[in-house]
Amino acid sequence: MRIVFMGTPDFAVPSLRKIDSGGHDVRLVVTQPDRPAGRGRKLTAPPVKLAALDLGIPIEQPETVNTDEFAIRLRSLAPDVLVVVAFGQILKQKLLDIPSRGAVNAHASLLPDYRGVAPINWVIINGESETGVTTMYMARKVDAGEIILSRSTSIGPDETAGELYERLSDLSGDLLVETLALIERGEAPRIPQGEPSVGYARKLRKEDGEIDWARDARTVADHIRGMTPWPGAYTWFRGKTLLVTRARQVSRPRPATPGQGVSEASITGRPGEILSISDAGIEVATAGGAVLLTGVKPEGKREMTGAEFVRGYRPESGTCPFVRADA
């Protein structure tokens, strides 16, 4: 089939590569313009552009696709399907109507839940044990089109948003290949979406990363995983920010007693208090239980293990050093 592909970040690269290797005629790749990036603000090409160059596919990078000029250009390519994966612009209906067999989007959640721009982060922050990828026909309302296929996957207990991102990126490519095969055979279903059971997965802000030690341990650990690698989960240490890159909930089984078996021993301490320090890391109390910080990055320094941080900064048990700089 004749395909026009729209995508921008590295998440979309496996989809482009798998569609291209699947024998489809990818006539054009549309991606966002090159943007300044890094400390030097050097003009940098988006990952999808680099992949398209490698594959020898024509590229266009309009500031906006919602113009009459681009609609004429798209129509001239006579696409069967428009495939959109993390493109970064909302498409108007006049573009969605151009491909003869529809416009298809791959979304990184099990729709209708977690519509929005940051589903991968929010499923982890909210403590979900399962997520997945959904392909759908695009509609006027964002992420609300008719579902074609979905695939679920379990979320690892210590998996970060960055790690899940990589897995769902690959899964999206596989699911799109299956979806296009169904469309080509005229067998693609159109399943209306129901009402979501969770809220919109809004874009995260840097301030969302601040750790609230006055929450229970599971919630704190999930928050840290969901904020890693971006925007980053952080706390305060001696007046400066401390990025927490790895942490897990502490579990202390209570010895078995006759007739009762093994239970969880209680862990008590003031929220933010250092309960213990070891080669494994720093155990910090929350409002209920504790988390073990196993990876951190002090402000202006490299990322290090919890053990390295302990040796270099010598935090003390029984203290509550994780306070705001202005507190």
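This is a short chat about how to read some features of a predicted model.

Reader: Let's start with the sheet. How do strands hold on to each other, and in what order do the seven strands of the open sheet come?

Author: Strands of a sheet pair through backbone hydrogen bonds, and they can run parallel or antiparallel. Here the seven strands line up as β5-β2-β1-β6-β7-β8-β9, with mixed pairing.

Reader: Which strands stand at the edges?

Author: Those are β5 (59-60) and β9 (147-154). Each has a single partner strand, so one side of each is left without a neighbour in the sheet. Take β5: two bridges join it to β2 (residues 25-30), and the two strands run parallel. You can find the spot by looking for Val 30, which stands opposite Glu 60 in β5.

Reader: What about antiparallel pairs? How do β14 and β15 fit together?

Author: Strand β14 (residues 274-278) pairs with β15 in the antiparallel sense, over four bridges. The two make a hairpin, with two residues between them. Ile 274 faces Val 284 of β15 across the pair.

Reader: And which strand pairs with β15 over another four bridges?

Author: That's β16 (residues 290-298), again antiparallel. Glu 283 has Leu 292 in β16 as its bridge partner. This hairpin has four residues between the strands, and Gly 289 takes a positive phi near 90°.

Reader: Is β15 mostly covered or mostly open?

Author: Mostly covered: five of the five residues in β15 (residues 281-285) are buried. In a regular strand, side chains alternate between the two faces of the sheet.

Reader: Now the inside. Which residues touch the most other members of the largest nonpolar core?

Author: Phe 5, Leu 16, Val 83, Ile 183 and Leu 293 do, out of 65 residues in that core. Helix α6 gives the largest share, eight residues. There's also a second, separate core of 17 residues, including Val 30, Ala 71, Leu 82 and Ala 103.

Reader: What does Leu 293 touch, beyond its sequence neighbours?

Author: Among its contacts are Trp 213, Val 244, Ala 280, Ile 282, Val 284 and Phe 322. Val 284 is also the residue opposite Ile 274 that we met in the hairpin.

Reader: Can we do a helix too? How many residues of α7 are buried?

Author: Eight of its 10, so to speak a mostly covered helix (residues 217-226). The buried ones include Ala 217, Val 220, Asp 222, His 223 and Arg 225. Their cover includes α5, α6, β10 (233-237), β11 (240-249) and β16.

Reader: What about a loop residue: is Thr 8 buried or exposed?

Author: Thr 8 lies in the loop between β1 (2-7) and α1 (13-21). The cut-off for buried is under 20% relative accessible area. Thr 8 has 14%, so it counts as buried. Away from its close sequence neighbours, Thr 8 is in contact with Thr 31, Gln 32, Pro 46, Pro 47, Val 48, Val 85, Ala 86 and Phe 87.

Reader: Last one: how do you spot empty space, and how much lies in the largest pocket?

Author: Rolling a probe the size of a water molecule over the atoms shows where empty space is left. In this model, the largest pocket holds about 1200 Å³. It is lined by 39 residues, and the closest to its centre are Ala 86, Gly 116, Val 117, Ala 118 and Pro 119. The elements giving two or more lining residues are β7 (103-107), α5 (119-125), β8 (130-137) and α6 (161-185).

Reader: What classes of residue make up that lining?

Author: The count is 26 nonpolar, nine polar and four charged.

Note on methods. Residues are numbered from 1 along each chain as its sequence is written. This is a predicted model: local features need pLDDT of at least 70, side-chain atom pairs count only at pLDDT 80 or more; totals for chains, interfaces and linings use all residues. Side-chain values use heavy atoms; hydrogens and water are left out. On a 1 Å grid over the protein atoms alone, a cavity is a set of points where a 1.4 Å probe fits but cannot get out, and a pocket is an open set with protein on both sides within 12 Å along at least five of seven lines; lining residues have an atom within 4 Å of a point. Grid points are joined across faces, edges and corners, and a volume is the space filled by probe spheres set on the points. Ala, Val, Leu, Ile, Met, Phe, Trp, Tyr, Cys and Pro count as nonpolar, Asp, Glu, Lys and Arg as charged, and the others, Gly among them, as polar. A nonpolar core is a set of buried Ala, Val, Leu, Ile, Met, Phe, Trp, Tyr and Cys residues joined through side-chain atoms within 4.5 Å. Buried means under 20% relative accessible area, exposed over 50%, partly exposed in between (1.4 Å probe, protein chains only). Contact means heavy atoms within 4.5 Å. Two strands pair if DSSP finds at least two bridges between them. Lists of a residue's contacts leave out its neighbours within four places in sequence.
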